[in-house]
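Q: I'm new to this one, so please pick a single part and walk me through it slowly. I'd like to hear which neighbours it packs against and what is unusual around it.

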Amino acid sequence: MSHPVTPPPAAVPVPRTVLVTGAAKRLGREIALTLARAGWRVAVHYRDSVEEARKTVADCAKLAGASASFRANLGNETAVRNLLPGVIEALGQVDAIVNSASTFEHDTPESFSFAAMEKHMRANTGAAILLSQALHAHLLTREGAQGAVVNLLDQKLWNPNPDFVSYTLSKAALESANTMLALALAPRVRVVGVAPGLTLTSHMLTPEKFEALHKLSPLGRSSTAADVAATVAFALENQSITGTTLLVDGGQHLMKFERDFSLL
């Protein structure tokens, strides 16, 4: 007489989790929502935008079922080192990081100072490297786990001008770090850069000026927030991309601009 064997219940896969820095508003929020639509649980990092972070968390949770916010000053090394452990404690694991947060303050070769350079380097370069290091260490504790880091860069690196010197230096250093990290953290972690063109307006541009500048590219349009977010999602999914940068700018890096867009 045969006895039926009941198979053990199938393991329920744990949803992938991504930490998006600067996800409370603007481009970081668009990236967070795009990834939530794709099924990622999103850890929403913010510094001061408390209410905006809460809204992004609520909107991501509606799309992916879970989200949480995490406050940290990325210019503070201790805060950066504590960020990923906090996300892991709250959400169980982390599979990817998108370094979208950025300090962006104007200086020129004439007004340059060590203090300005250090402020940008800490937040824009050092924080991304420490978070990549932490993700790699976390993945090593999970058998066979692999992940990815996407660093938001800028088409300015391929089309330099003398404005925003400290910001540009910090992004140039991060672009070089992409190569070094891709080599050092493989095969567990892929590292990819995404470099937008003029994407969102700011207090320095009128709507009319922004529209005119946005059209200054070989394709007649620069990047939208949706373009950039879709590229980040692609970089996280494509298992063959590492150590390189995807420029998403309508070709603006192929043109020469004597000043930053905000000052044209």
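A: Let's start with a crossing: H1 passes H7, and the crossing is right-handed. Keep in mind that you're looking at a predicted model. H1 covers residues 26-37 and H7 covers residues 225-237, and their axes come within 9 Å while crossing at roughly 50°. An angle under 35 degrees would count as roughly parallel, and 65 to 115 as roughly perpendicular. H1 and H7 are therefore oblique to each other.

Now for the side chains and neighbours in that crossing. On the H1 side you'll find Leu27, Glu30, Ile31, Thr34 and Leu35. Facing them from H7 are Ala225, Ala226, Val228, Ala229, Ala230, Val232, Ala233 and Leu236. Sorted by class, that contact has 11 nonpolar residues, 1 polar and 1 charged.

H1 has another partner, H2, which spans residues 50-64. Here the axes come within 8 Å and cross at roughly 15°. The cut-off for roughly parallel is under 35 degrees, so H1 and H2 are roughly parallel to each other. Their crossing is right-handed. H1 brings Arg29, Ala32, Leu33, Ala36 and Arg37 to this contact, and H2 answers with Lys55, Thr56, Asp59, Cys60, Leu63 and Ala64. The class count here is 6 nonpolar, 1 polar and 4 charged.

One residue of H1 deserves a second glance: Arg26, which sits in this helix. Arg26 isn't a glycine, yet its phi is positive, at about 55°. Because its relative accessibility is 48%, Arg26 counts as partly exposed.

Away from H1, Phe164 also has a positive phi, near 55°, and it is a residue other than glycine. You'll find Phe164 in the loop between strand S5 (147-152) and H5. With a relative accessible area of 1%, Phe164 is buried.

Follow the chain along and there's one more oddity to look for. Helix H5 (165-185) is linked to strand S6 (189-196) by a loop that holds Pro187. The peptide bond joining Ala186 and Pro187 is cis, with omega at about 5°.

So, back to the part we began with: H1 meets H7 obliquely, whereas H1 and H2 run roughly parallel.

How values were computed
Residues are numbered from 1 along each chain as its sequence is written. This is a predicted model: local features need pLDDT of at least 70, side-chain atom pairs count only at pLDDT 80 or more; totals for chains, interfaces and linings use all residues. Side-chain values use heavy atoms; hydrogens and water are left out. Axes are lines fitted to C-alpha atoms, for helices over the stretch in contact, and angles run from 0 to 180 degrees between N-to-C directions. Helices (H or I, at least four residues) and strands (E, at least two) are DSSP runs, numbered from the N terminus. Angles under 35 degrees count as roughly parallel, over 145 as roughly antiparallel, 65 to 115 as roughly perpendicular and the rest as oblique. A crossing is left-handed if the near helix is turned anticlockwise from the far one by less than a right angle, and right-handed if clockwise. Contact means heavy atoms within 4.5 Å. Ala, Val, Leu, Ile, Met, Phe, Trp, Tyr, Cys and Pro count as nonpolar, Asp, Glu, Lys and Arg as charged, and the others, Gly among them, as polar. Buried means under 20% relative accessible area, exposed over 50%, partly exposed in between (1.4 Å probe, protein chains only).
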